[in-house]
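Here is a protein chain to look at, with its sequence and its fold. Some questions and answers follow it.

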Amino acid sequence: MIDKQIIEQSIACIKAADKIIIGAGSGLSTAAGLNYGGKRFQDNFADFISKYPLSDMYSAAFYPFATPEERWAYFSRHILINRFNAPVGQPYKDLLEVVQHKDYFVLTTNVDAQFQRAGFNTSKLFATQGDYGMFQCSKPCNNTLYHNHKMVNDMAAQQSNCKIPSALIPICPNCGEALEPHLRKDQYFVENDDWHTANNNYINYVRQIKQEKVVFLELGVGFNTPSIIRWPFEQLSKQLTNACLIRVNMDDVQANYQISDQSILCQGDIAEFITGIKQGILQ
């Protein structure tokens, strides 16, 4: 149970804010039901678990499958389950109700498009690490991204014995090299025009903050990639005298001691926290 005082303090900060910058990590999607382990993994990948030493969807994405047919059998189902077939999580819907009438921007490392599907303004959204719903050339020969819903759906539907037909292996139509999910995992990640536009939108949004009251609302961000959201939010909170950092996570909620008087730290269930502030904001 989250402390009622933390909820009330957060509501007061959000109500008073001129701008809200949301920073979202994997913990938010986990709170929305997109758990990569446990029963959800076992229910959807029982055949793979019986054949390979896989423990969860995150580590399975890096497993060295022996053939492309096996790798794509796994990855197509992974993408379909987490990007296209997953319902929009209630925490995302509730969060939109909290901020939809405020001046907001979203910075996220999540690649499941839950913000887009929940109805957040895409011009106020920067998904830094890519999107499961897109493929890119593995080379890459150019900066083109390819919508992959039909491709992954066909691969998932036509696989047998944890393999897809060789004819379904996704190939770049420009150079003939393999296609890859548009995920930042190496130096070949494609930053196309849309990526740079979103990046510039975020940079300009932050630069335009003057004396306004700003809330950095950090949800489910750990230490996997702290240089994208966690550390910059702390640095910006330190620089901006009218800033408040609200950090919510199941663990690792400590913040820089230099901004202790500007920080609200909440260790607990993110879905419960968002429900609580939604109720207070909409009263």
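The questions below go through the sheets, a buried helix and the aromatic rings of this predicted model.

Reader: In what order do the six strands of the parallel open sheet lie?

Author: The sheet is open, so look for its edges: an edge strand pairs on one side only, and here the edge strands are β3 and β9 (263-267). The strands between these edges are joined by parallel pairing. From one strand to the next the twist averages 10 degrees. Read across, the order is β3-β2-β1-β7-β8-β9.

Reader: Which residue of β3 is the bridge partner of V106?

Author: β2 covers residues 103-108, and β3 covers 125-127. Three bridges hold β2 and β3 together in the parallel sense. In β3, the partner of V106 is L125.

Reader: Which strands of the sheet does α10 touch?

Author: Helix α10 spans residues 193-207. The helix packs on the sheet, and its direction makes about 130 degrees with that of β2. The strands touched are β1, β2 and β3.

Reader: How many residues of β7 are buried?

Author: Strand β7 runs from 214 to 219. V214, F216 and E218 point one way, while V215, L217 and L219 point the other way. Residues on both of these sides are buried. The count of buried residues is six of six.

Reader: Which residue of β7 is the bridge partner of A24?

Author: Strand β1 holds residues 19-24 and runs parallel to β7, with six bridges between them. A24 has its partner in β7. That partner is L219.

Reader: On the β8 side, which residue stands opposite V215?

Author: Strand β8 takes in residues 243-249, and six bridges join it to β7 in parallel. Helix α11 (residues 230-239) forms a right-handed β-α-β unit with β7 and β8. Opposite V215, in β8, stands C244.

Reader: At about what angle does α12 run to β7?

Author: Helix α12 is made of residues 270-281. The helix lies across β7, β8 and β9. Its angle to β7 is about 145 degrees.

Reader: Which strands are the edges of the open sheet with antiparallel pairing?

Author: Three strands form this sheet, in the order β5-β4-β6. An edge strand pairs on one side only. The edge strands are therefore β5 (145-147) and β6 (179-183).

Reader: Which residue of β5 is the bridge partner of Q136?

Author: Strand β4 (residues 130-137) and β5 run antiparallel and are joined by three bridges. Q136 is bridged to a residue in β5. That residue is L145.

Reader: Is D94 buried or exposed?

Author: D94 lies in helix α7 (residues 90-99). Seven of the ten residues of α7 are buried, so the helix is largely enclosed by the rest of the structure. Setting aside neighbours within four places in sequence, D94 is in contact with I274, T275 and K278. The relative accessible area of D94 is 5%, and the cut-off is under 20%, so D94 is buried.

Reader: How are the rings of Y104 and F120 arranged, stacked or edge-to-face?

Author: The model has 21 aromatic pairs. In this one the ring centres are 5.8 Å apart and the planes stand at 90 degrees, and planes over 60 degrees apart count as edge-to-face. Y104 sits in strand β2 and F120 in the loop between α8 and β3, 16 residues apart. Y104 and F120 are both buried, and their arrangement is edge-to-face.

Reader: How many residues apart are F126 and W195?

Author: F126 and W195 form an edge-to-face pair, 5.2 Å centre to centre with 75 degrees between the planes. F126 is buried, and so is W195. F126 belongs to strand β3 and W195 to helix α10, so the pair links distant parts of the chain. The separation is 69 residues.

Reader: Which residue lies over the face of W72?

Author: W72 belongs to one aromatic cluster, whose members include F41, F45, Y63 and F135. A residue lies over its face at 5.3 Å from the ring centre. That residue is R71.

Notes: Residues are numbered from 1 along each chain as its sequence is written. This is a predicted model: local features need pLDDT of at least 70, side-chain atom pairs count only at pLDDT 80 or more; totals for chains, interfaces and linings use all residues. Side-chain values use heavy atoms; hydrogens and water are left out. Buried means under 20% relative accessible area, exposed over 50%, partly exposed in between (1.4 Å probe, protein chains only). Helices (H or I, at least four residues) and strands (E, at least two) are DSSP runs, numbered from the N terminus. Two strands pair if DSSP finds at least two bridges between them. A crossover is right-handed if, with the strands pointing away from the viewer, the path from the first strand over the helix to the second runs clockwise. Contact means heavy atoms within 4.5 Å. Rings of Phe, Tyr and Trp (its six-membered ring) pair if their centres lie within 6.5 Å; planes under 30 degrees apart count as stacked, over 60 as edge-to-face and the rest as tilted. A charge sits over a ring if NZ of Lys or CZ of Arg is within 6 Å of the ring centre and within 35 degrees of the ring normal. Axes are lines fitted to C-alpha atoms, for helices over the stretch in contact, and angles run from 0 to 180 degrees between N-to-C directions.
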